[in-house]
Amino acid sequence: MADTDLLLVLGWNGMQSHQIPQAPRHLQRIAKDPDKLLIVVDPRRSETAKIADRHLPIRPGTDALLLRAMIAIILQNGWENKAYIAEHTSGFEQVQPLFLEFDTREAVRTCQLDYDDVREISRLFATRRSSLRYDLGLFMNRHSAASSYLAAILQAVCGRICVSGGMIFPGHLMPTGSHSDERKPKTWRTAATNFFPVAGAFPPNALPEEILSDHPERIRAVFVSASNPLRSYADTTAYEEAFKRLDLLVTSELALTETAVLSHYILPARSGYESWDGTFFALTYPGIFFQMRRPIIEPAGEPLEAGEIFLRLADRMGLIPPIPDSLYEAAEKSRPAFGLALMEYAQKEPAALKVMPFILGKTLGKTLGSVHLAALWGLLQTAPPAFHENAARAGFTPGMGLGEELFQKILDHPQGFWIGQVDPKRNFEELKTADGRIDLFIPELIDPVREIGPEMEEVALQPDPAFPLILMAGRHTAMKADGQPDGPGFYGGGFGRRRTGGYRYGPTGPRGYSSRVRAGLWRAGVWGEREPPDQKHQPGFSGNAHAPLCSLPGRSPLIAQEENMSKLLESTMINGLKLANRFVRSATYEGLAGGDGSVTPALIGLMVRLARGGVGLIISSHSYITPEGQAGPRQLGVYADVLVPGLRDLTQAVHEAGGKIVMQLAHSGGFANPKLIGQPALAPSALEGFYKTPPREMTAEDIRKMVEAFGLAALRAKEAGFDGVQIHAAHGYLLSQFVSPLLNQRRDEYGGSGENRYRALGQAAKKIRAAVGPDFPVLIKLNSQDFLEGGLTLADALHLGVRLREDGLDAIELSGGILISKNLSPSRKEAYFAEEAAAFKKKVGLPLLLVGGIRSLAVAERIIDQGAADYISLSRPFIREPELIQRWRSGDLRPASCLSDNQCFRTIMSDEGLYCAVERKEKERG
């Protein structure tokens, strides 16, 4: 990915399902590079699709058809890499006819994509330094094998295999699979289903038939290790019936899974946190990385390493030949001495070579305290010659001592290290075909590919009335691998009702597809969720698609919820400001500042509680930018340089608590308090009947000073360490008064037309941007409408939003109404301004923060899922519950306890500042 100029992604959501090291970082780098392209093919707008240059919303189930169309477009236009095909492939002439006369336009139409888009992407893929990445979207979809075959042909005809920036063979310490050729008569096939092995392994879905068969050589005993077949594989009922018929079922596991409950014997195994454990498919390139993860907690009870369990079974079964005491003694002496003694023993005892891992475990494993470590030592001694070459490029000495050198460094470096370096110029040598070429002609797949055409696919994709739903049993997310959902709490908690990892189902519908088998991979649609099984009737069952693979002591509900990440907990960015989640504490008048507007310990304490409570972004107070803009007592100020040190103490405390904080810049205008400011309030127009005391109309000089004050205040906020600023242009404060046709009745350049009424706000926004620079987040709080006859309308607000985007603002927080409005939302339901927000998202396009009576996770998640807003802003709920987000994350999903009765705002005028009056009364009553 580092060298590719065009990355084409099919059915892989790398921003969530990493699978390759640091996938999100690489994807974002490609997406942001103007010289590179990220193209995503996915029915839904996944997290990866959101950052892509191009997104093709393909019809579910038509991936193979699209791949065949792309190859045909390339070959029909002569864009293929002819020199590469001639030098590095074989069988091209035999597969070429599959594409030359293929109807590409009709195929793309069946995929429900734009033909010109697909044609241009095909051209770019063929002519640029491109690469292709695909995952579950193809592996678990229709035509799985044919899709993988077509993907290989696409890359080969474009010359993108074994080349820089294309598909390469990564280096490895040891191969992770064995080659098995099903064409050889000696290759063993399953007795009942006649399945052949793939890379040395048989498909698990064949196992029930092999057990339930009447064949004399049917499978009668199964050993299950670190797996839960009764919930991991297709057709659970068949697995349950088959496992009940077994003569012997043994499970080696750390949790009481569904399979373990059904077993005759359960052998308790240690978790990866309690064992030495390593991964042999790091997939790094060109460096080869390896880490042997060491135990970090003591096991509870008496579980054993998985390798120790296998060793003891082999020993009791008599598979291990006699081991002389001299070998044990050599292991105690030193590893070099043990190596020599082991060679002598193997020469005298030929049977030892077949069971060498067990011998190492019994001898060296006893000394090292780990069978797994002993096995690793043995692997390093027998590393293939190609690895010795790779290790030499990384600075190690090849030869007899390489294994010991690497083993000691592994012990000394628990964080892992680069153990080898492949030669990118020799990647073709990794091809193991007889002629060293890419074999494009696979006879068994020619007919399946030929059948993938628009007419037949259109018929096959029609919904089957017998199977109106498609089932998905697991998917990759940022917090878990596929097939590892949570425990029973998974169904009772989490953010909203959309879960990741359990059973998901949805209608086939016009954009779904009817799977002729009974399960398929979901990649689009409206989804429901399977109810958990009745725990009373299934003792010990987890109620999941799969049982949890790890059950740590003290595992908190918080961890369980984190593993079920929803969009509300996604990390996002606003002009470089990284936010941990989509929850925002909307600016609130706390009444906790000093009499001069300075920061107090009480105000710092509140902000720290909010940060520790899990809110992604805090917008602090409505801070007055000039003395004449003050609205009320003990309001936070940012009008003078002398206030900066206190503000810096505030931001430092929030940052130390793990939070991010933005300062809201405000001028109250006509709603300023004349008693506090010692003069009449200032407003765009000196109107009577709207304010408690008639204000003075601002002069052009007053407006100029106000604009200048906004810029200076923003600069102070930046110097104080705030992560951004927000312009308060809502709720009837000064800038809101300027844009409102009801409150602004001027006849000069600042009043009259919508453009004139925007002028003061636009000048303030530009002044702020000039003061803080282009890389500092500048947000704005804006009314969606005033909810007053003659006031700002939604159409007016949408026009303002477009202008603000053009003037360089980074995000809009959408609210509504002014201080004298009545019944801001007639229904007072949650999310008062959701409809207006949807209009803003469609027309304006800036990141949108939505405030307005949101109290429950279900509503918050629906807003985000439907794209009505990007962030959820809460104000009053945090007054009573500053730790609300942590409560939700812990699994307590009750709505916010705030009653929205506004009694809290009466407390601001007290010496104590803002608090929840209802909560206090409840405590006083006991």
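# Salt bridges, a sheet and a surface patch

Visitor: Is R803 buried or exposed, going by relative accessible area?
Guide: This is a predicted model, so everything here is read from predicted coordinates. R803 has a relative accessible area of 16%. The cut-off for the inside is under 20%, so R803 counts as buried.

Visitor: Which residue forms a salt bridge with R803?
Guide: Think charges first: side chains of opposite charge can pair when their charged atoms come close. Here the closest N and O atoms are 2.3 Å apart, and the limit for a salt bridge is within 4 Å. The partner of R803 is E755.

Visitor: How many residues apart are E755 and R803?
Guide: The salt bridge between E755 and R803 links distant parts of the chain. E755 belongs to helix 31 (residues 754-772), while R803 sits in helix 32 (residues 794-806). E755 itself is partly exposed, at 38% relative accessible area. Along the chain, the two are 48 residues apart.

Visitor: D702 and R696 meet in a salt bridge, so which of them is buried?
Guide: Their side chains come together at 2.9 Å, N to O. R696 has a relative accessible area of 35%, which makes it partly exposed. At 16%, the buried one is D702.

Visitor: Which helix holds the salt-bridge partner of R59?
Guide: The side chain of R59 meets that of E458 at 3.0 Å, N to O. This pair connects distant parts of the chain, 399 residues apart. R59 lies in the loop between strand 3 and helix 3 (63-76), and E458 is in helix 23.

Visitor: Is R59 buried or partly exposed?
Guide: Its partner E458 has 23% relative accessibility and so counts as partly exposed. For R59 the relative accessible area is 5%. Since the cut-off is under 20%, R59 is buried.

Visitor: How many salt bridges does the structure hold?
Guide: We've been through several pairs, including R59 with E458 and D702 with R696. Counting across the structure, the total is 34.

Visitor: What is the order of strands in the open sheet of four?
Guide: Start with strand 1 (residues 6-10), which pairs with strand 5 in the parallel sense over five bridges. Strand 2 (residues 37-41) runs parallel to strand 3, joined by three bridges. Put together, the sheet has parallel pairing and the order 3-2-1-5.

Visitor: Which strands stand at the edges of that sheet?
Guide: An edge strand here has a single partner strand, so one side of it is left without a neighbour in the sheet. The strands at the edges are strand 3 (54-56) and strand 5.

Visitor: By how many degrees are neighbouring strands of the sheet turned on average?
Guide: The strands in question follow the order 3-2-1-5. With direction ignored, neighbours are turned against each other on average by 15°.

Visitor: How many of the five residues of strand 5 are buried?
Guide: Strand 5 (residues 130-134) has S131, the bridge partner of L7. The strand is largely enclosed by the rest of the structure, because its buried residues number four.

Visitor: Which residue in strand 3 is the bridge partner of V41?
Guide: Three bridges join strand 2 to strand 3. The partner of V41 is L56.

Visitor: About how much accessible area does the nonpolar patch with M317 have together?
Guide: M317 is found in the loop between helix 15 (306-316) and helix 16 (325-333). It's exposed, with a relative accessible area of 61%. On the surface, F223, F310, L313, M317 and L319 form a nonpolar patch whose accessible area together is about 460 Å².

How values were computed:
Residues numbered from 1 in each chain as written. Predicted model: local features only at pLDDT ≥ 70, side-chain atom pairs only at ≥ 80, totals over all residues. Heavy atoms only, no water. Patch = residues over 30% accessible without salt bridge, like charges linked within 9 Å, V, L, I, M, F, W, Y side chains within 5 Å. Areas by Shrake-Rupley, 256 points an atom, 1.4 Å probe, with all protein chains shown as cover. Buried < 20%, exposed > 50% of the residue type's maximum accessible area, 1.4 Å probe, protein only. Pairing = 2+ DSSP bridges. Axes fitted to C-alpha atoms, helices over the stretch in contact; angles between N-to-C directions.
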